[in-house]
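Here is a short tour for anyone opening this structure for the first time. Have the model on screen and follow along.

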Amino acid sequence: MAIGLYGYSSLALDSKGRIAMPAKYKEALKEVSEGSLVITRDPQYPSLRIYPGSLWKTISKAFENLSGLDSKIRSIQWNFLGYANLIDFEVNDRMQILIPQSLRDYAQLKVKEKVSLIGMGQKFEVWNEKSSKWFAVHKGVLLPWDVTVSYTHLRAHETGRNVVC
C-alpha cells in the first residue's frame, strides 16, 4: 500500500498541545486513516511517530506477536506500544491532532514553539524543530531549510572535484 505521505512541514504547537496536519495530506489521510491516527514514541530518537489507523493495525499486530522474553524486544514493545495513543481523527479543514503531554515531554515539544512534521511515506515523524536541526547537522542528514544544491555541486561531489563557492 503506497500512500504518499511525503514532505517536510514546520508547524506551531498551539497552547493546547495540538498541531494541524497540512492540507496537502488530506486526500491520502482520507484513504488510510480509517477515522483514527496513532501517535507514539520513536524507539530510537527523541521524536514521535504518527501512523494512520489502517497501518497501525498491521504494525501493532507484528509487535504484539514478538516474544517478550528478549529484553531488547520487550523494551521496544514498551516504548512503542506502551506509549501509543489512539486519536479519533476526522479529515476536515482543521485536521488537528492533540499530542498527549507525556509524548510532548518525551520529544521535547513545547507549546507555542515550532515542530517539524516529516512525511516518511506511510507515517509521519514529529520532532522539536531545534532537535531535528541538531540531528541533521550531527548525523549528516540534509533538511530543506539547510540546503540549496546546484547541479555543479552535485557533479563535483560525484567526480570528487572541489568547487569554490
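## Before we start

Two residues are said to be in contact when heavy atoms of theirs lie within 4.5 Å. Keep in mind, too, that this is a predicted model.

## The whole chain

Let's begin with the big picture. The protein chain holds six helices and eight strands. Walk along the sequence and you meet them in the pattern β-β-α-β-β-α-α-β-β-α-β-β-α-α.

There are 165 residues in the protein chain, and 39% of them count as buried. Take the contacts between residues at least 6 apart in sequence: 61% of these join residues at least 24 apart. As for the outside, the accessible surface of the protein chain is about 10,000 Å², with 53% of that belonging to carbon and sulfur atoms.

## The sheet and its helices

Now for the sheet. Six strands make up an open sheet, in the order E1-E7-E8-E4-E3-E5, and they pair in an antiparallel way. E1 and E5 are at the edges with a single partner strand each, so one side of each has no neighbour in the sheet. From one strand to the next, the twist averages 20°. Strands of a sheet are paired through backbone hydrogen bonds.

For a look at one pairing, try strand E7 (residues 114-121) and strand E8 (residues 124-128), which run antiparallel and are joined by five bridges. Ile118 has Glu125 in E8 as its bridge partner. Helix H2 packs on the sheet as well, touching E3 and strand E4 (48-52), and its direction makes about 110° with that of E4. H3 also packs on the sheet and touches E3 and E4, with its direction at about 130° to that of E3.

## Thr40, in strand E3

Zoom in on Thr40, which sits in strand E3 (residues 36-41). Is Thr40 buried or exposed? Thr40 counts as buried because its relative accessibility is 0%, and the cut-off for buried is under 20%.

Setting aside neighbours within four places in sequence, Thr40 is in contact with Leu48, Arg49, Tyr51, Trp56, Asn79, Phe80, Tyr83, Ala84 and Leu103. Two of these names come up again when we look at polar atoms of the Thr40 side chain. One such atom lies 2.5 Å from the backbone oxygen of Phe80, and the backbone nitrogen of Ala84 is 3.4 Å from a polar atom of that side chain.

## Ser9, in strand E1

Ser9 belongs to strand E1 (residues 5-12). With a relative accessibility of 9%, Ser9 counts as buried. Beyond its neighbours within four places in sequence, Ser9 is in contact with Pro22, Lys24, Tyr25, Val115, Ser116 and Leu117.

## Two loop residues

Which strands flank the loop that holds Val91? They are strand E5 (85-88) and strand E6 (96-98). Val91 counts as buried, at 19% relative accessibility. Not counting residues up to four places away in sequence, Val91 touches Lys26, Leu29, Lys30 and Ser33. Val91 and Ala23 are 68 residues apart in sequence, yet their C-alpha atoms are 9.5 Å apart in space.

Gly68 is in the loop between helix H2 (53-64) and helix H3 (71-80). Gly68 is partly exposed, its relative accessible area being 32%. Leaving out neighbours within four places in sequence, Gly68 is in contact with Arg74 and Gln77. From Gly68 to Trp78 the spacing is 10 residues in sequence and 9.8 Å in space, C-alpha to C-alpha.

Notes. Residues numbered from 1 in each chain as written. Predicted model: local features only at pLDDT ≥ 70, side-chain atom pairs only at ≥ 80, totals over all residues. Heavy atoms only, no water. Helix = DSSP H or I, 4+ residues; strand = E, 2+ residues; numbered from the N terminus. Buried < 20%, exposed > 50% of the residue type's maximum accessible area, 1.4 Å probe, protein only. Polar contact = N/O pair within 3.5 Å; in protein donor to acceptor, adjacent residues only side chain to side chain. Pairing = 2+ DSSP bridges. Axes fitted to C-alpha atoms, helices over the stretch in contact; angles between N-to-C directions. Areas by Shrake-Rupley, 256 points an atom, 1.4 Å probe, with all protein chains shown as cover.
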